[in-house]
Amino acid sequence: MVRKVESRVIALAIIGTMMLGCTEVQEHTAPAIRDRDSVSVMTSYGVNTLISDSGVIKYKIVTERWDVNVVKNPSCWTFEKGVFFEQFDEKFHVQAYIQADTAWYYDQKKLWHLRGRVRIRNINGLVYESEELFWDGLTHELYSNVFCKVTTPERNMEGSYFRSDERMSHYIVSNSKGSFTREDMTGEKTDEENDKKDAKQDTVQAAQPMRQQLQKHRRTGQ
């Protein structure tokens, strides 16, 4: 009888231990591989498309990969494989082209962030080169706080700060260095150049007085 009671006690103890072990079982889950806000809602490859603004085609975008993420704060488009795009005027004439190794476009802010071998060329032959550039679509300005190089048909300039309008027809380069003439900066000729000009006019007037007189009248008419 005693042995039967002992057997029952041992059996109950074993069952209780098993039940206790079952209550301590924990579920092991692996963390998410990627956060939800890092997942793109659209990924396109081999993109060659036109972008319009207010019903008017303004840009042409060419890129190897284009990711769109509207969950991130702020939402943005990502061009990790580089981007090249052209800017058009109202008559669909190319005004400029822009290229960069990597780019982000924050659609809510209308702000472009270009990185790595940024290069711009406008219709007037101005070429801008740097490693970083911001393009603000709200203020219609381009700006950068890193070293840049600006080349035009008349001069070459380098500096660590750049700000310009979208057409790059009016721009500022600060902390700059480069090569240009005094006339480029002031619009005035040097004294030596004026002396040469006066001497040339005196020679022409002595040799051809009537022709010089006609030239003066022609200037007055303009």
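The exercises below work through a predicted model of one protein chain, each with a solution in steps.

**Exercise 1. The chain as a whole**

Find how many helices and strands the chain has, and what share of its residues is buried.

Solution. Begin with the secondary structure, where the chain shows four helices and 14 strands. Next turn to burial: of the 222 residues in the chain, 26% are buried. Then look at the surface, which has an accessible area of about 16000 Å², with 52% of this belonging to carbon and sulfur atoms. Finally, consider how the chain meets itself: among contacts between residues at least 6 apart in sequence, 30% join residues at least 24 apart.

**Exercise 2. The largest nonpolar core**

Determine how many residues the largest nonpolar core has, and name those with the most contacts inside it.

Solution. The first step is the count, and this core has 28 residues. The second step is to pick out the residues with the most contacts inside the core, which are Phe79, Trp112, Leu114, Tyr128, Leu133 and Phe162. The third step asks where the core residues come from: at least two are supplied by each of β2 (56–69), β3 (76–79), β4 (83–88), β5 (94–100), β6 (102–106), β7 (111–122), β8 (127–136) and β10 (148–151). As a last step, follow one residue of the core, Tyr128, whose contacts, leaving aside residues up to four places away in sequence, include Val118, Ile120, Leu133, Cys148, Val150, Phe162 and Met168.

**Exercise 3. Two aromatic pairs that share Trp135**

Classify the pair of Tyr59 and Trp135 and the pair of Phe85 and Trp135 as stacked or edge-to-face, and state which strands each pair links.

Solution. A pair of aromatic rings is described by the distance of the centres and the angle of the planes. For Tyr59 and Trp135, the centres are 5.6 Å apart and the planes stand at 80°; because planes over 60 degrees apart count as edge-to-face, this pair is edge-to-face. Tyr59 belongs to strand β2 and Trp135 to strand β8, so the pair ties together parts that lie 76 residues apart in sequence. Both Tyr59 and Trp135 are buried.

For Phe85 and Trp135, the centres lie 5.7 Å apart and the planes meet at 20°, so this pair is stacked. Phe85 sits in strand β4 and Trp135 in strand β8, which makes the pair a link between distant parts of the chain, 50 residues apart. Phe85, like Trp135, is buried.

To place these pairs in their setting, note that the count of aromatic pairs comes to 14, and that Tyr59, Trp66, Trp77, Phe79, Phe85, Tyr105, Trp112 and Trp135 form one aromatic cluster.

**Exercise 4. Salt bridges and burial**

State how many salt bridges the structure has, then decide for Asp67 and Arg65 whether each is buried or partly exposed.

Solution. A search of the whole structure finds five salt bridges. One of them joins Asp67 and Arg65, whose closest N and O atoms are 2.8 Å apart. Asp67 has a relative accessibility of 5% and therefore counts as buried, whereas Arg65, at 25%, counts as partly exposed.

Now take the salt bridge of Arg115 and Glu132, in which the closest N and O atoms are 3.9 Å apart. This pair links distant parts of the chain, since Arg115 is in strand β7 and Glu132 in strand β8, 17 residues apart. Arg115 is partly exposed at 38%, while Glu132, at 18%, counts as buried.

A further salt bridge brings together the side chains of Arg119 and Glu129, at 3.0 Å from N to O. Here too strands β7 and β8 are linked, with Arg119 in β7 and Glu129 in β8, ten residues apart. Arg119 is partly exposed at 26% relative accessibility, and Glu129 is partly exposed at 30%.

**Exercise 5. A patch and a buried glutamine**

Name the residues of the nonpolar surface patch, and work out whether Gln95 is buried or exposed.

Solution. The patch is formed by Val41, Met42, Val70 and Val71, which together have about 320 Å² of accessible area. Within the patch, Met42 belongs to strand β1 (residues 42–53), and its 34% relative accessibility makes Met42 partly exposed.

Gln95 is found in strand β5. Its relative accessibility is 18%, so Gln95 counts as buried. Leaving aside residues up to four places away in sequence, Gln95 touches Gln87, Phe88, Asp89, Arg121, Asn122 and Ile123.

Note on methods. Residues numbered from 1 in each chain as written. Predicted model: local features only at pLDDT ≥ 70, side-chain atom pairs only at ≥ 80, totals over all residues. Heavy atoms only, no water. Core = buried A, V, L, I, M, F, W, Y, C linked by side-chain atoms within 4.5 Å. Buried < 20%, exposed > 50% of the residue type's maximum accessible area, 1.4 Å probe, protein only. Contact = heavy atoms within 4.5 Å. Phe/Tyr/Trp six-rings, centres within 6.5 Å; stacked < 30°, edge-to-face > 60°. Patch = residues over 30% accessible without salt bridge, like charges linked within 9 Å, V, L, I, M, F, W, Y side chains within 5 Å. Areas by Shrake-Rupley, 256 points an atom, 1.4 Å probe, with all protein chains shown as cover. Salt bridge = Lys/Arg side-chain N within 4 Å of Asp/Glu carboxyl O.
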